Amino acid sequence: MSLLEVSTLRAGYGPVNVLVDLNLVVEEGEIVVILGSNGAGKTTTMRAISGMIARSGSITFAGQSITKSSPDAIVRAGIAQVPQGRGTFPELSVEDNLRAGAFVRNDDEIDEDLAHWFEVFPRLRERREQRAGSLSGGEQQMVAIARALMSRPKLLLCDEPSLGLAPLITQELFGIIASLNRDKGLSVLLVEQNANLAMKIARRVYLIETGRIVASGSSDELSADDSIRKAYLGF
Amino acid sequence: MERFLQYLFDGLSIGSVYALLALGLVIIYRGTGHLNFAQGEMALFCTYVVYQLGEWGIPIGFALVIGVAVGFALGAVVEVTLVRPISKKSPFAVFIVTIGLFQGLNWLDGAIWGDQILPNSAVSKQANFPTLFPSKDTDFVTILGAAWRLKYLGVLVLVLVLTAVLFFVFNKTKLGLAMRAVASNPESAKLVGIRTNRVLMFSWGLAAAIGALGGVVFAGINNSVNLGLMFTVFIYSSAAATLGGFDSPGGAVIGGLAIGVIENMGAGYFPEWIGQELKLGVALFVIVVVLLVKPSGLFGTAKVERV
Amino acid sequence: MKSLVTIHEGRAANWALRLVAGAAVIGVMLWVPTHGSNPLIDQFTNAFVLMAAAMSLNLLLGYTGQISLGHNAFFGIGAYATGIIVSRWGWSPLVTFPIAFIVAFVIGVLVSLPALRIKGIYLALVTLALGLVFPQFIKWRKLTWLTGGPRGLDNAGFNFSKKRRTYEIFGWNPFGDMRGQGAKPFYFWIAAGVVVITYLVCRGVVKSRSGRSLIAIRDNETAAAVMGVNLAGTKAMAFGISAGLCALPGCVSTILTNNVVPDSTFLSIAGSITFLIVMVIGGAGSLWGPIIGSGLYVFITQKTGDWSDEKNIPAIIRPFFSWAKTSPGTGIFAVTLIALMFVAPRGIVGVWHQHSPRLMRIVPRRAGTGTGTGTLVDTPVDDTVAGEL
């Protein structure tokens, strides 16, 4: 049984369907990347999985259907999303941002987790009292990731984490994501335009075009394919 | 000095009422970005309910609890049935709906309770609108020669205690965190699993409940309730929220107290120029000055967009 | 959508249609003041007053996308301009119109400028405060020498000589019998004249160069600012014109009653809300909206005016209203207003535009020559206008 199975997914905004017939799978413990150009439906896929928009078809997570679930039920089930453009709570302090991430939890280990993620992101600990909106882009992206992790997800959805970040910072972030996957077995579904970097950390890759998956395979297979390499990797 | 203190006390007491209504305005504005023009009229409806309960012989403390509960229900129902579906259409439509509510609730009060000042010896068992605090002419404390009537002082204390409680709820509880998260970024709030709809419903309910408290307290100060009671209170509260910053609950309270003091000092020290007639002009003046000097208000975050 | 009738613009059928519509309007306008009963003439005159006020408010919405809750103040400025000038100095009421316009224009610009510099709810707030302050200001004791304080001013309208005087044109007597306080047909024509002027100014502003460009870019103010449009200034100008126009029906109201008092309905905040209701019910953002809305408003208030007495409520709906201690008119309008936002945010005109093609369609000559729909705002109100409220 795969962790996440999406089949014949249709979703969109109002009467317009952005996704027409989308199928993908994320296995437990792997990093999967969705590549595609602007408007191909990457963000829509993420929002459909998180339950933020109307959708039909079938989405199964850890054996449970979440096709009809509300966003909060999906977070409770174990999916956390880092939205595109970071989506922090700019008026709230860094610490409150992280605490908001633990909103669905009722256990008493929240403080421990907070301390733990401040270990992983020491730069956030230095700024825990600052308003998130006053942080740099890279730091805000860290806030968004740490916030998502505070819900103790089994699957992390990351929507273009590299957007608007300097290459060095992007590399650092991808390093963190890779190590989370390696050390803690966190499954990650990543959406990216920056194909080079993403394919380095991903085990498997999907290519999406106008709402459909047009190709899939391991990173090595796809980067060996000439036409795909030209279109998406640019060399 | 004695005069100054007297105006200060009166101003703080009446300002407490503005602070309550302004708090309600700010809570709704932060959550949804709408200015609830019906805030005052929702409070007035609850005030009439409390009056009616008093007529039926229910003690004020208990009547107040029911009135506040009615306020909460009214606010929540308005959000769920009117504001939420309409806000998908346009902010303009929400504005019109709050105006319709303003008009409709005021009409409803008149239709049920008539348009005279109540309690009215002809129809009421009560002599005065019931107050929470000792309200006889002899119930006052004297501070440096200025008298502070206990029913006025009580209102201020009530507001300060309530503010402290709200401050605690906003900043130290999960519910408060959810409210702040929704105000800051509703989309992300959903993504971390906050049921934003419930939070908004609760926010409207809370705002209306606080407003109901303000209405009852104000009617108590006035000894009566009438259809026009909340018009001016609403505009003072808006001025208070503008002064304090529309996204700052603390600012709303300080703004409310400040407006009360400014209004009373103005009318007291310049009776010839401002007097009772032009007290309302103070509110207009404050709004315009704040917009010219610091549009985000004293404690608001500068999200104001200039054009 | 298939229409029952299709008419091509410029063809004979189109001209016939225009001719019939025009003839109907002219016919009513000529018949009412000369042959209508006095109450009927009054209803028309009152509708014209409301119409002009709502049109001025509508101009503001269509042009800046914002709403004023203080137009009662500008209406009142007009009412008092006429009242003061006529009653204190004895000038003719007709010369007070331009003066009222200018005073309201200046005050409108001054008050709106700080709010218009900032996006958001602030114009509504400032104008609401203005609307509430206005009656208080009039009653201010420092101004009693001018405004007459709470008692207001008397003898503020026309005062013709006691002798019977008529102006006949080929046996047609449009102004009626002008004696003493004047004649109802004469007031009818003054009110109608104000409506025509307001309509022409609104059209002129909307079709003007700056008007067109501002409406086009209304929803992207940053773009406008980049293009070098002095937004706050242009908007304040629009607000000023709207305020000035709203003063004109105010002048008429004083002439009609021959006096002015600070607590009359249209001078209080209830006036602003009435203008708003008229505009929204007719169709906010469309030139014809206020015209239809005001007619309907006057009709309904006239019908329900005496419903506070239970016996006057039609038997069929009496059970719904018999418990009320006050007349249900206001309640009906409040409920209508809220319901309209759900089913037809663009009011009656919007409903007409939505459904009329099924009955009849007028095919425009070429793209861009206009379809004669008389729309003030090209984009639908429900998703663009007042994006900033």
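**How chain B meets chain A**

In this predicted model, about 1900 Å² is buried between chain B and chain A, and carbon and sulfur atoms give 61% of that area.

User: What makes this area count as buried between chain B and chain A?

Analyst: Buried area is the accessible area (1.4 Å probe) that two parts lose on being put together, summed over both, so the value of about 1900 Å² covers chain B and chain A together. In chain B, the residues that lose the most area to chain A are Lys174(B), Leu191(B) and Val192(B), together 32% of what that side buries.

User: Why is the pair Asp72(A) and Arg195(B) called a salt bridge?

Analyst: The term asks for a side-chain nitrogen of Lys or Arg within 4 Å of a carboxyl oxygen of Asp or Glu; in this pair the closest N and O atoms are 2.9 Å apart, and therefore Asp72(A) and Arg195(B) form a salt bridge. Across the interface of chain B and chain A, the rule finds three salt bridges.

User: How do you know which residues of chain B are in contact with chain A?

Analyst: Contact means heavy atoms within 4.5 Å, and by that rule 17 residues of chain B are in contact with 24 residues of chain A.

User: What is the confidence in chain A?

Analyst: Chain A averages a pLDDT (the predictor's confidence in each residue, from 0 to 100) of 89, and 98% of the residues score at least 70.

Residues are numbered from 1 along each chain as its sequence is written, and chains are lettered from A in the order in which they are written. Local features need pLDDT of at least 70, side-chain atom pairs count only at pLDDT 80 or more, and totals for chains, interfaces and linings use all residues, while side-chain values use heavy atoms, with hydrogens and water left out.
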